[in-house]
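Work through the exercises below with the sequence and the coordinates open. Each task is followed by its solution in steps.

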Amino acid sequence: MSRPQQITVLGATGSIGLSTLDVIARHPDRYQVFGLSGYSRLAELLALCIKHRPQVVVVPHEHAASQLQAGLRAAGLNTEVLVGEEGLCQIASAPEVDSVMAAIVGAAGLRPTLAAVNAGKKILLANKEALVMTGDLFMQAVRNSGSVLLPIDSEHNAIFQCLPQDFSRGLGAVGVRRILLTASGGPFRETPLAELEHVTPDQACAHPNWSMGRKISVDSASMMNKGLELIEACWLFDARPEQVEVVIHPQSVIHSLVDYVDGSVLAQLGNPDMRTPIANALAWPERIDSGVAPLDLFAVARLDFQRPDEQRFPCLRLAREAAMAGNSAPAMLNAANEVAVAAFLDGRIRYPQIARIIEDVLNSEPVVAVDELEAVFAADGKARVLAEQWLSRNG
């Protein structure tokens, strides 16, 4: 019998990380945890170490490392503790590692994800921002290293399942007309527009179908999450922005669809549970039990669809414009959004101001070429400065 695959989970204490560890624990003969990382939830990270016994764990700074080491010693574990971005890159690229779950939210996940790519690992990509920011640089690194890139977002995983295996020949060559990217519409799909000025962070984080962290929940409410997914889909599937259409589907049962030139439309359906795409990617091209209950179509009873209203969801328009502009625009979009969402969650701005900040930042700087990683980080940094300046002027 072959040895279990060694898995590193970047962002282990988040919802994606926990779902990944749940699937791994169901198949101890197939998978073993090599490395874990966490940011602020040290008690939860220690509990995960005790349960999954990784060889290495990464925390953000030395103080956290000292705290975690004391807990590990008390539990009788000799897990190695590393610190910071360098530690993340180490557990992502270690020779022992077979697959890396890239689930650190935002720009912070970029360097360790690229380290895993450059080391030729199988990448389970939940950190969409890494691909949004670097685009062609990221995909070129995948091609150069021979890394296998598998999408974890439920929508991109659905598209992956509905495309033929040779889709890399080009969507036109395999008969694809367009990609239909589904969105729940979030908690404000039917809220009167005038009331959006008064929504609270807790209301924005109350997603009707999915359990997610606060930042991604706000992105879902604004549909920036779908905008970032549109950009990600263009890179993953070599699609033009006009080939990707967003469809609001409130039940979150159809996770996305692929429309073929012969009139066929293939869809992937399932309960809204991230363990399904995680299990699909972990075992690909095989199938394994994910722990997700079978879909009960009789309980679902109906499937609804509608066009997104860009007056209600201006972030979706901004993301599509950034996708069409390319170069530095997606990195600046993502950075401005991260600053704006953090300000909203801290109570510094109102919900509609998220989109206003992003649009102001994008209109403040010309789009420039990003043909190396440092140019990406320069665009990211510039956008953050501009967003903070907006907050200072309007705070």
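**Exercise 1. Examine the salt bridge between Glu229 and Lys226, and state whether each residue is buried or exposed.**

Step 1. Glu229 and Lys226 are joined through their side chains by a salt bridge, with 2.6 Å from N to O. A salt bridge here is a side-chain nitrogen of Lys or Arg within 4 Å of a carboxyl oxygen of Asp or Glu. The model is predicted: local features need pLDDT of at least 70, side-chain atom pairs count only at pLDDT 80 or more, and totals for chains, interfaces and linings use all residues. Residues are numbered from 1 along each chain as its sequence is written, and side-chain values use heavy atoms, with hydrogens and water left out.

Step 2. Glu229 is found in helix α11. Helices (H or I, at least four residues) and strands (E, at least two) are DSSP runs, numbered from the N terminus. Glu229 and Lys226 are 3 residues apart in helix α11, so about one helical turn separates them. An α-helix has 3.6 residues a turn, so residues three or four places apart point the same way.

Step 3. Glu229 counts as buried because its relative accessibility is 2%. Lys226, at 6% relative accessibility, also counts as buried. The cut-offs are under 20% relative accessible area for buried, over 50% for exposed, and partly exposed in between (1.4 Å probe, protein chains only).

Step 4. Leaving aside residues up to four places away in sequence, Glu229 touches Lys128, Asp153, Glu155, His156 and Leu181. Contact means heavy atoms within 4.5 Å.

**Exercise 2. Find how many residues of helix α8 are buried, and which elements cover them.**

Step 1. Helix α8 spans residues 154-162, and 8 of its 9 residues are buried.

Step 2. The buried residues are Ser154, Glu155, His156, Asn157, Ala158, Ile159, Phe160 and Cys162. Two of these, Glu155 and His156, were met above as contacts of Glu229.

Step 3. The cover over the buried residues of α8 includes the strands β7 (148-151), β8 (176-183), β10 (254-260) and β11 (265-269). It also includes the helices α11 (224-236) and α12 (275-283).

**Exercise 3. Describe the surroundings of Thr8, and state how far Thr8 is from Ile159.**

Step 1. Thr8 lies in strand β1, residues 5-10. Its relative accessible area is 0%, so Thr8 is buried.

Step 2. With residues up to four places away in sequence not counted, Thr8 touches Phe34, Gly35, Ile91, Ala92, Val97, Ser99, Val100 and Met101. A polar atom of the Thr8 side chain lies 2.8 Å from the backbone oxygen of Ile91.

Step 3. From C-alpha to C-alpha, Thr8 and Ile159 are 25 Å apart in space, and they are 151 residues apart in sequence.

**Exercise 4. Characterise the interface of domain 1 and domain 3.**

Step 1. The chain is divided into domain 1 (5-151), domain 2 (153-324) and domain 3 (326-394). These bounds come from an automatic or database domain assignment.

Step 2. The C-alpha centres of domain 1 and domain 3 lie 27 Å apart. In the interface, 10 residues of domain 1 are in contact with 13 residues of domain 3.

Step 3. About 900 Å² is buried between domain 1 and domain 3, and carbon and sulfur atoms give 68% of this. Buried area is the accessible area (1.4 Å probe) that two parts lose on being put together, summed over both. Arg111, Met133 and Leu137 supply 56% of the area that domain 1 buries against domain 3, more than any other three residues.

Step 4. The count between domain 1 and domain 3 is 1 salt bridge. Glu374 forms a salt bridge with Arg111, and the closest N and O atoms are 3.8 Å apart.

Step 5. On the side of domain 1 that touches domain 3, α5 (110-118) and α6 (128-134) are the elements that give two or more residues. Helix α6 gives the most, with 4 residues.

**Exercise 5. Compare Asp166 and Arg169, which form a salt bridge, by their exposure.**

Step 1. The closest N and O atoms of Asp166 and Arg169 are 2.9 Å apart.

Step 2. Asp166 counts as partly exposed because its relative accessibility is 31%. Arg169 is exposed, with a relative accessible area of 52%.

Step 3. By the salt-bridge rule, the count comes to 31. A network of salt bridges links Arg177, Arg178, Glu245, Asp259 and Arg307.

Methods. A polar contact is a pair of N or O atoms within 3.5 Å; within protein, one must be able to donate a hydrogen and the other to accept it, and residues adjacent in sequence count only if both atoms are side-chain atoms.
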